[in-house]
Amino acid sequence: MSSLRTQLLLWLLPLYLLSAAAVLGGNYVHYRNSIGAFMDGQMHRLALAYVQQFQTEPRIPALTPLNAEQVEHDGTVIVQFWSGNGRLLADNWPIPGLALQQTAGFHDLRIDGHDWRVYTTAAVSRVQVAQSGNFRRRVVLHSALEAAEPIAFLIPVTFVLLWIAVWFALRPLERVVQAIAAQDERSLKDLPLRRVPGELRPLVVSMNSLLARLRDAFAAQQRFVQDAAHELHTPLTALKLQAEILRQKLGASAPEEVARLEAGVERMQRLVEQLLRLARLEVVETQAMPAIIDLRAVLTQSLGDLVPLAEARGVDLGLTAAEPAQVRADARDVRSVFDNLLENALRYTPAGGRVDVSLRRMADGLQVEFSDTGPGIPPELLGRVFDRFYRVLGTGTEGSGLGLAIACSAAVRSGIHLELQNRRDGSGLLARVRFPHAA
Ligand SMILES: Nc1ncnc2c1ncn2[C@@H]1O[C@H](COP(=O)(O)OP(=O)(O)OP(=O)(O)O)[C@@H](O)[C@H]1O
Ligand SMILES: [Mg+2]
């Protein structure tokens, strides 16, 4: 994955190096001229001083011999005195191979691989001064490098600044990403356009139009399921009625097939009912602030409705709920969660078993638990039973596989936490519902 930062830096790095090289080259030429002119001036003045001294007192002055360090490192100027006929009379450092130059003025010479800057005077008894070319080059290079130093310092500083600037520039993009990640298929909201930079605006606008189309598609799908379930309702009721009439007419001689037909129609009716519930739950709606409800009251109602099922199945049903527990949530959603969990507990627990329901106040909110003595759910399937139409094979109990999907939708919609786990203290399932927003 190529990062925008790396790309920016990769583009800027050669640009910086190029400008650094240009500055260095420019500086070098500039310093070679200015430092060269200055050093030439010094050599010129030194030579003239010796010439004047010689003219006032025609005697070769005593010269202090130089050493290699002074010549090479310090760039001390070497002085030579020559006779008119080109014989070396005296010098303070030998340069074998350097003859008296025929023309007066400055000369650049290369002798035995060593560069020399030489100035020759025009007087009769001639003075010639020389300075190491290597020394001059070194001084120029050093000065040019020194002048380019700020650039070397600027490169890392600019990179850090650039890094920070890109980070700031990309923050709106991160906000957009967070807004997208926070989307829930049940409540697809437009992404905010506030504080989105111009470059990102077209992207966010297109995303919003895509979200609007998605919303329409979801709504159309839900309407379709709702309409289909609704349309199926009437013919199924009629069919059930016909089957009943048929059984009554046939009386005791009714074949077993009629009973199976009735059971089949009942199953179909339940499936259609569940589908209708699910479709209603998933309707995208802007939620108003839910009212405060008493969980114990809702739980008692739910239990009251399912007592006949408990009795029919021969399952012992008990409730532990000491005090009223108020919570801010949609009563229909809560009821939907309770009904489905309780119904499952009662239907999957074999006759003679127990279902315990408890309501407790915890440090982080209220908690309702449904625990049964049924077979539980194989651990690897605990995550799958919330899928629509998913049923564990071989339970011997009929169902449409939609109950937990409905409970889950209702829980998500109302911000309720729902989790299933197998009981550790024996066989059976423990369904835990947590309400973090206790009122
Ligand atoms: N208390 C439980 N004990 C054992 N298995 C359970 C329990 N609750 C759910 N299950 C398993 O999870 C599956 C999915 O449950 P879910 O309520 O979604 O569908 P269902 O009960 O099969 O059908 P319905 O839509 O009629 O409720 C069930 O088929 C069952 O195998
Ligand atoms: Mg169920």
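This is a short group-meeting talk about a sheet and a ligand site in one structure.

Hi everyone. Before we start, keep in mind that this is a predicted model.

Let's begin with the sheet. What is the strand order? Going across, you read 2-1-5-4-3, so to speak: five strands in an open sheet, with antiparallel pairing. Now look at who sits at the edges. Those are strand 2, residues 88-91, and strand 3, residues 105-111. Each has a single partner strand, so one side of each has no neighbour in the sheet. On average, and ignoring direction, neighbouring strands here are turned by 25° against each other.

Let's zoom in on one pair. Strand 3 and strand 4, which is residues 114-120, run antiparallel and are joined over seven bridges. If you want a spot to click on, try Arg110, which stands opposite Asp115 in strand 4.

And what packs on this sheet? That's helix 1, residues 4-56. Helix 1 touches strand 1 (78-82), strand 3, strand 4 and strand 5 (126-132). Compare directions, and helix 1 makes about 150° with strand 5.

Okay, over to ligand 1. How many residues surround it? There are 23, and the closest are Asn344, Val392, Gly399, Gly403 and Leu404. Which helices help build that shell? Helix 5 (256-281), helix 7 (331-348) and helix 8 (403-414) each give at least two residues. Helix 7 has the largest share, with four residues.

One last thing: what kinds of residues are they? By class, the shell around ligand 1 has ten nonpolar, ten polar and three charged residues.

That's me done, thanks!

Technical notes:
Residues are numbered from 1 along each chain as its sequence is written. Chains are lettered from A and ligands numbered from 1 in the order in which they are written. This is a predicted model: local features need pLDDT of at least 70, side-chain atom pairs count only at pLDDT 80 or more; totals for chains, interfaces and linings use all residues. A residue is near a molecule or strand if its C-beta atom, placed from the backbone, lies within 6 Å of it. Ala, Val, Leu, Ile, Met, Phe, Trp, Tyr, Cys and Pro count as nonpolar, Asp, Glu, Lys and Arg as charged, and the others, Gly among them, as polar. Two strands pair if DSSP finds at least two bridges between them. Axes are lines fitted to C-alpha atoms, for helices over the stretch in contact, and angles run from 0 to 180 degrees between N-to-C directions. Two residues are in contact if their C-beta atoms, placed from the backbone, lie within 7 Å.
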